Structures are given as structure tokens and as C-alpha cells.
Amino acid sequence: MNQVYERLERCYDSFSRKVSFKPRAALVLGSGLGDYAEEMEVEAVLDYRDIEGFPVSTVSGHKGRFVFGYVGEVPVVAMQGRVHYYEGYSMEDVVLPVRLMKRMGAELLILTNAAGGINESFRPGDFMVIKDQITSFVPSPLIGPNIDELGPRFCDMSHVYDPLLQKIVKETAKELGIAVKEGVYLQLTGPEFETPAIIRMCRMLGADAVGMSTGCEAVAANHAGMKICGISCISNMGAGMSEGELSNEEVYETTDRVASDFKKLITAAVARMAKEYEGERK
């Protein structure tokens with residue numbers, strides 16, 4: 001058996017001995033957005049450190065745990081804090097949580113993050129529905145022997161972010177009176193913020209927002225056959241696009257300011273996603 005898959009199975013066995021919950025949807029909560037898990041009807045909580053062989057996030061503000069519960073009637077597993085490549089973890093570690101949530105039973109994946117705006121029409125506090133991504137600046141999580149139990153050697157990437165789920169988010173936001181943008185997300189390694197020259201390069205490549213996560217997770221989830229939706233909170237404009245220095249404090253200030261709208265949007269969208277996807281399967 002593939003060693004990466006063996007490790008995934010050990011993590012799953014460790015989880016299943018502690019929590020008996022089968023999610024339909026998985027939610028990765030990005031920087032400043034982790035408090036959403038408190039809105040769920042919580043059934044169980046499991047710290048990452050209590051899962052055998054599981055990586056633990058070291059980023060300030062990331063609680064480092066799975067929260068299991070219900071958003072409406074939909075059983076959901078939410079990650080309060082993700083593992084980043086810039087923390088020194090291998091790409092195998094970075095995508096292990098997404099693969100584990102798939103192994104738990106989740107079919108839908110909602111990826112969220114705080115991102116820097118590159119599109120000059122964006123402003124801090126905007127929400128961007130991710131329609132495509134650029135991950136050429138980070139290693140692919142599929143490098144190495146293929147995990148046949150999860151997906152094919154060469155997986156199609158034409159529609160990483162499911163068009164139906166994108167449509168649901170945009171329609172839900174409109175009904176709630178929440179303005180959303182859409183665009184291309186580009187992942188860099190971090191942890192340093194980008195220089196103005198890098199921001200100009202990203203814009204030339206066609207990116208609308210830039211961040212330090214999400215893209216590699218989407219690759220692994222797509223390989224495993226999950227339906228994926230991505231939402232970025234534009235927490236700041238890229239270097240050289242506004243006055244002042246960039247800081248992590250600015251990220252948290254912005255996400256705090258729009259937290260109420262984020263919670264409304266996610267709650268309403270998750271219920272519709274589960275319903276529509278169930279209908280699509282039938």
C-alpha cells in the first residue's frame with residue numbers, strides 16, 4: 001500500500017476511535033474566519049494533536065481543531081485552522097486534512113481564506129468567489145507515487161471549482177444583499193507578504209487575489225473527487241496598491257469587520273449546496 005495512504009488510514013482510524021460523526025460537507029476556515037464554527041450546532045470537537053500522525057498548525061489565531069456539527073440540517077466538519085506550507089511542513093502534511101475529511105465521508109468542500117487583492121476594482125472586505133486558480137509557484141501535492149485509492153495519476157483540472165457551487169454562492173449572496181466578486185486566486189508560499197513587483201507579476205498572469213494556502217488543498221480535493229467551492233475575503237490590497245505597510249493585524253481587522261456577512265453567506269450557501277448536489281447525484 002502507498003505510504004501516504006497508509007498514513008491517511010492511520011489518521012482515520014485514530015479519528016474514528018474518538019468521534020462517530022459522518023459529515024457530508026467540509027469547511028476550511030481561513031485566517032480570521034475560524035469563529036464561524038461556533039455558529040454550528042456542535043456535536044463534537046477533536047484537536048489535531050489528538051489524531052495520531054496529524055500535523056498541528058502553528059499559526060497564531062488558528063485553534064488547530066476539527067469541529068463536527070450541523071449547519072441547518074447538513075452534517076459538517078469544519079477546520080479551525082489549516083496547516084501551511086510556509087510553516088515548514090511537507091506538501092503531504094498540508095493536504096492531509098482535506099484528504100482525511102474526504103475519508104470521513106465529506107463530498108463537498110468549501111475552502112475559505114483571507115487574501116490580498118490584486119484586481120484594482122477590489123477593496124478590503126470584499127468577498128471573492130474563486131473561479132480558477134494558479135498554483136505554479138508551489139509544489140503539487142500529487143508529486144510522487146499516485147494514491148490510486150484516491151484518484152487517477154493524471155487528474156483533469158478544467159473545473160477545479162465546481163460551477164454549480166459558484167452559482168449557488170453568487171445567487172445566495174444576491175438574495176442576502178451581500179456583494180461578491182469573482183476571480184482567479186494565486187497561491188504563493190509565504191510567509192512574507194509580496195513585494196510590489198510580485199503583485200504586478202501576479203496581475204500580469206491573470207490573478208485577482210493572492211494568498212498562502214487553498215490552491216494545493218483544492219488540487220488534492222479535486223484529485224480525490226470532491227466538489228469544491230472557494231471563497232476569499234479580501235483582507236488587504238497587495239503591496240504597492242495602497243499606502244502603509246502590510247500586516248497580519250490588518251488581515252484580522254478586516255475579517256472581523258465582515259464576519260457577520262460571512263457567517264450569513266456560509267450558513268445559507270451550505271444548505272443550498274447540499275440540497276442541489278443531492279439533486280444532481282439523483
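Start by selecting arginine 272: in this predicted model it is partly exposed, at a relative accessible area of 24%. Now add glutamate 175, which is exposed at 62%. The two form a salt bridge, with their closest N and O atoms 3.2 Å apart. Arginine 272 sits in helix α7 (residues 259–281) and glutamate 175 in helix α3 (residues 163–176), so the pair ties together parts 97 residues apart in sequence. Keep both selected and add Lys167 and Glu171: salt bridges with shared partners join these four residues into one network.

Next, go to arginine 7 and aspartate 93. Are they buried or exposed? Arginine 7 counts as buried, at 15% relative accessibility, and aspartate 93 is buried too, at 11%. They also form a salt bridge, with the closest N and O atoms 2.6 Å apart. Because arginine 7 belongs to helix α1 (residues 3–18) and aspartate 93 to helix α2 (residues 91–104), this contact ties together parts 86 residues apart in sequence.

For another stop, pick glutamate 38, which is partly exposed at 43% relative accessibility. Its side chain meets that of arginine 65 in a salt bridge (3.5 Å, N to O). Here a loop is linked to a strand: glutamate 38 lies between β1 (25–29) and β2 (41–47), while arginine 65 is in β3 (residues 65–71), 27 residues apart. If you want to keep hunting, the whole structure holds 12 salt bridges.

Finish at methionine 201 in helix α4 (residues 196–204). This residue is partly exposed, at 32%. Select Phe137 and Leu205 with Met201 to see a nonpolar surface patch, with about 250 Å² of accessible area together.

Conventions: Residues are numbered from 1 along each chain as its sequence is written. This is a predicted model: local features need pLDDT of at least 70, side-chain atom pairs count only at pLDDT 80 or more; totals for chains, interfaces and linings use all residues. Side-chain values use heavy atoms; hydrogens and water are left out. Patches are made of residues with over 30% relative accessible area and no salt bridge: like charges are joined within 9 Å, nonpolar side chains (Val, Leu, Ile, Met, Phe, Trp, Tyr) within 5 Å. Accessible areas come from the Shrake-Rupley method with a 1.4 Å probe; for residues, only the protein chains shown count as cover. Helices (H or I, at least four residues) and strands (E, at least two) are DSSP runs, numbered from the N terminus. Buried means under 20% relative accessible area, exposed over 50%, partly exposed in between (1.4 Å probe, protein chains only).
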